[in-house]
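Reader: I am new to reading structures. Could you take me through this one in small steps?

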Amino acid sequence: SGVISLANELYASLTSKKVKLSIYKNALSGKSHGLTAYGYQKDDNGYLEINKEQAKVIKKIYQLSLKGTGCYTIANVLNGDGVPTKFNSFEGEIKRKDKYTRTVTKFKKEDVRWRGNVIHDIIINPIYKGLRQWKNEDVKVPTIIDAEIWEKVNKNLQNNKKFVGKKE
């Protein structure tokens, strides 16, 4: 049983390495693994392609930020316009555990709304200028935002913090 256990451990180890290598090769070739970034979807072969409806939202986010609008104000604008988030198309619940009180709160995925930190993460994500980062390597993907505009918006991001909108 000791030899069989060692053989099983070796098999599991080799399988793990092969799966990781396969995911790595697919990522470098432009294929997606897991959830895609907002604005993108997988085509029939697993490669990233632009989701036209979500790409319009991404462009609006960058336009508003370039005009000087803060992330939380952009989130309020999108929520006011009824723009769906990525999670709105999913079913089920999200569970969040408070690290201090240990209480678990449940939210329906269809009720998830835009938040400023999500807008901030979208703005700083280089995938929208056509560079997906995977294991410290850049992979070319379809571009939603021109690289020049992406750079301007990211340089201006710090200045936008003063225009966050009214407190609610």
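**Loops, helices and hairpins**

Author: Start with Thr-85, which sits in the loop between helix 3 and strand 3 (93-97). Keep in mind that this is a predicted model.

Reader: Is Thr-85 buried or exposed?

Author: Buried means under 20% relative accessible area. Thr-85 has 10% relative accessibility, so Thr-85 counts as buried.

Reader: Which residues does Thr-85 touch, not counting residues up to four places away in sequence?

Author: Sequence neighbours up to four places away are set aside here. The residues that Thr-85 then touches are Tyr-38, Val-112, Arg-113 and Trp-114.

Reader: Asn-79 is in helix 3. Which residues is Asn-79 in contact with, leaving aside neighbours within four places in sequence?

Author: First, its setting: Asn-79 has 16% relative accessibility and therefore counts as buried. Its contacts, leaving aside neighbours within four places in sequence, are Arg-113 and Trp-114.

Reader: What are the buried residues of helix 3, and which helices do they pack against?

Author: The buried residues of helix 3 are Cys-71, Thr-73, Ile-74, Ala-75, Leu-78 and Asn-79. Two helices receive them: helix 2 (52-66) and helix 4.

Reader: What follows helix 3, and what is its phi?

Author: Gly-82 follows helix 3. The phi of Gly-82 is positive, near 75°.

Reader: How is the packing of two helices described?

Author: Two values do the work. They are the angle between the axes and the distance between the axes.

Reader: What is the orientation of helix 3 relative to helix 4?

Author: Helix 3 (residues 71-80) and helix 4 (residues 116-124) have axes 7 Å apart, at an angle of about 110°. Angles of 65 to 115 degrees count as roughly perpendicular. Helix 3 and helix 4 are therefore roughly perpendicular.

Reader: Which residues meet there, and how many are nonpolar?

Author: Helix 3 brings Cys-71, Tyr-72, Ile-74, Ala-75 and Leu-78. Helix 4 brings Gly-116, Asn-117, Ile-119, His-120 and Ile-123. By class, this contact has no charged residues, three polar ones and, as nonpolar residues, seven.

Reader: Ile-119 is found in helix 4. What is its relative accessible area, and which residues is it in contact with?

Author: Ile-119 has a relative accessible area of 0%, so Ile-119 is buried. Leaving aside neighbours within four places in sequence, Ile-119 is in contact with residues of helix 3 and others. The full set is Ile-61, Cys-71, Ile-74, Ala-75, Leu-78 and Trp-114.

Reader: What distance separates the C-alpha atoms of Ile-119 and Ser-16?

Author: Along the chain, Ile-119 and Ser-16 are 103 residues apart. In space, their C-alpha atoms are separated by 35 Å.

Reader: Now helix 2 and helix 3. What is their orientation?

Author: The axes of helix 2 and helix 3 are 10 Å apart, at an angle of about 140°. That angle makes helix 2, relative to helix 3, oblique.

Reader: What is the hand of the crossing, and which residues meet?

Author: Helix 2 passes helix 3 in a right-handed crossing. By class, the contact has six nonpolar residues, one polar and one charged. From helix 2 come Val-57, Lys-60, Ile-61, Leu-64 and Ser-65, and from helix 3 come Ile-74, Val-77 and Leu-78.

Reader: On to the strands. In strand 4, what is the bridge partner of Glu-93?

Author: Strand 3 and strand 4 (104-108) pair in the antiparallel sense. Five bridges join them. The partner of Glu-93 in strand 4 is Lys-108.

Reader: Which residue in the hairpin of strand 3 and strand 4 takes a positive phi?

Author: The hairpin has six residues between the strands. One of the loop residues has 56% relative accessibility and therefore counts as exposed. Its phi is near 65°, though it is not a glycine. The residue is Arg-102.

Reader: In strand 6, what is the bridge partner of Gln-133?

Author: Strand 5 (residues 131-134) and strand 6 (residues 137-140) pair in the antiparallel sense over four bridges. The partner of Gln-133 in strand 6 is Asp-138.

Reader: What phi values do Lys-135 and Asn-136 take?

Author: The hairpin of strand 5 and strand 6 has two residues between the strands. Asn-136 lies in this loop, and at 84% relative accessibility it counts as exposed. The phi of Lys-135 is near 50°, and that of Asn-136 is near 65°.

How values were computed
Residues numbered from 1 in each chain as written. Predicted model: local features only at pLDDT ≥ 70, side-chain atom pairs only at ≥ 80, totals over all residues. Heavy atoms only, no water. Axes fitted to C-alpha atoms, helices over the stretch in contact; angles between N-to-C directions. Parallel < 35°, antiparallel > 145°, perpendicular 65-115°, else oblique. Contact = heavy atoms within 4.5 Å. Nonpolar A, V, L, I, M, F, W, Y, C, P; charged D, E, K, R; others polar. Pairing = 2+ DSSP bridges. Buried < 20%, exposed > 50% of the residue type's maximum accessible area, 1.4 Å probe, protein only. Left-handed = near helix turned anticlockwise from the far one by under 90°.
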